[in-house]
Amino acid sequence: MIKLMGAVLLAAGFGGIGLGAVGRLDGRVRDLRELSAGLETLQRELCWRLMPLPGALKGAAGETRGRAAHFFDQCAQDILTLDGRTFQDVWRAALEDCPLQIDRGDRTVLEHLGPVLGRYDADSQRQAIGDAVADLARRQIQAVEDRRRLGRVYSVLGITAGLFLVILLV
């Protein structure tokens with residue numbers, strides 16, 4: 001009975017590892033979608049409504065959900081107390097602190113936006129945000145494809161590895 005229970009737990013554990021990998025792929029797709037929506041709101045607030053950067057960041061936080069909302073909200077709060085830091089430092093720190101499920105390339109796209117925001121005229125900011133949104137959209141398409149292709153592989157691989165170990169140990 002204990003052997004059977006151990007075998008079931010082993011198979012479930014490896015299945016959980018595979019499904020966890022699928023969850024990370026889903027999280028990346030969701031975070032890229034929300035970050036793009038937040039950047040579009042930020043672009044609208046900064047360039048068309050000519051709202052100051054803290055208010056525009058609050059607007060972006062209000063239009064997004066989850067980890068992306070937390071990212072924009074943290075930027076909005078931290079910009080109010082710069083303490084000798086630049087907005088670029090605040091932006092980069094928020095990218096590092098927030099648990100966004102994005103890869104290094106996604107993070108690089110966002111890091112390049114930090115030095116432009118709040119520093120240049122509305123047209124330059126609009127162009128930089130538009131470029132970032134376009135890059136994130138391309139990366140989101142790739143993330144959806146990765147999720148479709150690798151999601152099945154990870155889930156089947158996790159379950160198969162668990163069953164293989166069960167057979168091997170029993």
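What radius of gyration does the protein have, and what would a compact globule of 170 residues have? The protein has 21 Å, where a compact globule of 170 residues would come out near 15 Å. I should say at once that what we are looking at is a predicted model, and that the values I quote are computed from it. The box that the C-alpha atoms fill, taken along the principal axes, is roughly 70 × 30 × 20 Å, and that is a useful picture to keep beside the radius of gyration.

Let me turn to the secondary structure, which comes to six helices and zero strands, so that the order of elements from the N terminus on reads α-α-α-α-α-α. Two of these helices will come up repeatedly, namely helix H1, which covers residues 2-48, and helix H6, which covers residues 122-169.

As for packing, buried residues make up 40% of the 170 residues, and if we take the contacts between residues at least 6 apart in sequence, 68% of them join residues at least 24 apart. The accessible surface comes to about 9,600 Å², and carbon and sulfur atoms account for 61% of that area.

Now to the charges. The protein carries 22 positive and 21 negative side chains, with the centres of the two sets lying 8 Å apart. As a general remark, side chains of opposite charge can pair when their charged atoms come close. In this structure there are 15 salt bridges, and I would like to go through three of them.

The pair I take to begin with is Arg67 and Asp31, whose side chains meet in a salt bridge at 2.8 Å, N to O. Because Arg67 belongs to helix H3, residues 66-79, and Asp31 to helix H1, this pair ties together parts that are 36 residues apart in sequence. Asp31 is buried, with a relative accessible area of 3%, whereas Arg67 counts as partly exposed at 23% relative accessibility.

The next pair is Arg139 with Asp106, where the closest N and O atoms are 2.3 Å apart. Here Arg139 sits in helix H6 and Asp106 in helix H5, residues 104-113, so the bridge ties together parts that are 33 residues apart in sequence. Is Asp106 buried or exposed? At 0% relative accessibility, Asp106 counts as buried, while its partner Arg139, at 24%, counts as partly exposed.

The last pair lies within one helix: Asp146 and Arg149 are both in helix H6, three residues apart, which is about one turn of the helix. Their side chains meet in a salt bridge at 2.9 Å, N to O. Asp146 counts as buried at 15% relative accessibility, and Arg149 as partly exposed at 41%. Salt bridges that share partners join these two residues with Arg28, Asp103, Asp106 and Arg139 into one network.

Let me finish with a residue in helix H6, Gln140. Why does Gln140 count as buried? Its relative accessible area is 17%, and the cut-off for buried is under 20%, so Gln140 falls within that class. Which residues is Gln140 in contact with, once its neighbours within four places in sequence are left aside? They are Val29, Leu32, Arg33 and Ser36.

Definitions and conventions: Residues are numbered from 1 along each chain as its sequence is written. This is a predicted model: local features need pLDDT of at least 70, side-chain atom pairs count only at pLDDT 80 or more; totals for chains, interfaces and linings use all residues. Side-chain values use heavy atoms; hydrogens and water are left out. Helices (H or I, at least four residues) and strands (E, at least two) are DSSP runs, numbered from the N terminus. The radius of gyration is taken over C-alpha atoms; the globule rule is 2.2 Å times the number of residues to the power 0.38. Buried means under 20% relative accessible area, exposed over 50%, partly exposed in between (1.4 Å probe, protein chains only). Contact means heavy atoms within 4.5 Å. Accessible areas come from the Shrake-Rupley method with a 1.4 Å probe; for residues, only the protein chains shown count as cover. Lys and Arg count as positive and Asp and Glu as negative; His and the chain ends are not counted. The place of a charge is taken as NZ of Lys, CZ of Arg, CG of Asp or CD of Glu. A salt bridge is a side-chain nitrogen of Lys or Arg within 4 Å of a carboxyl oxygen of Asp or Glu.
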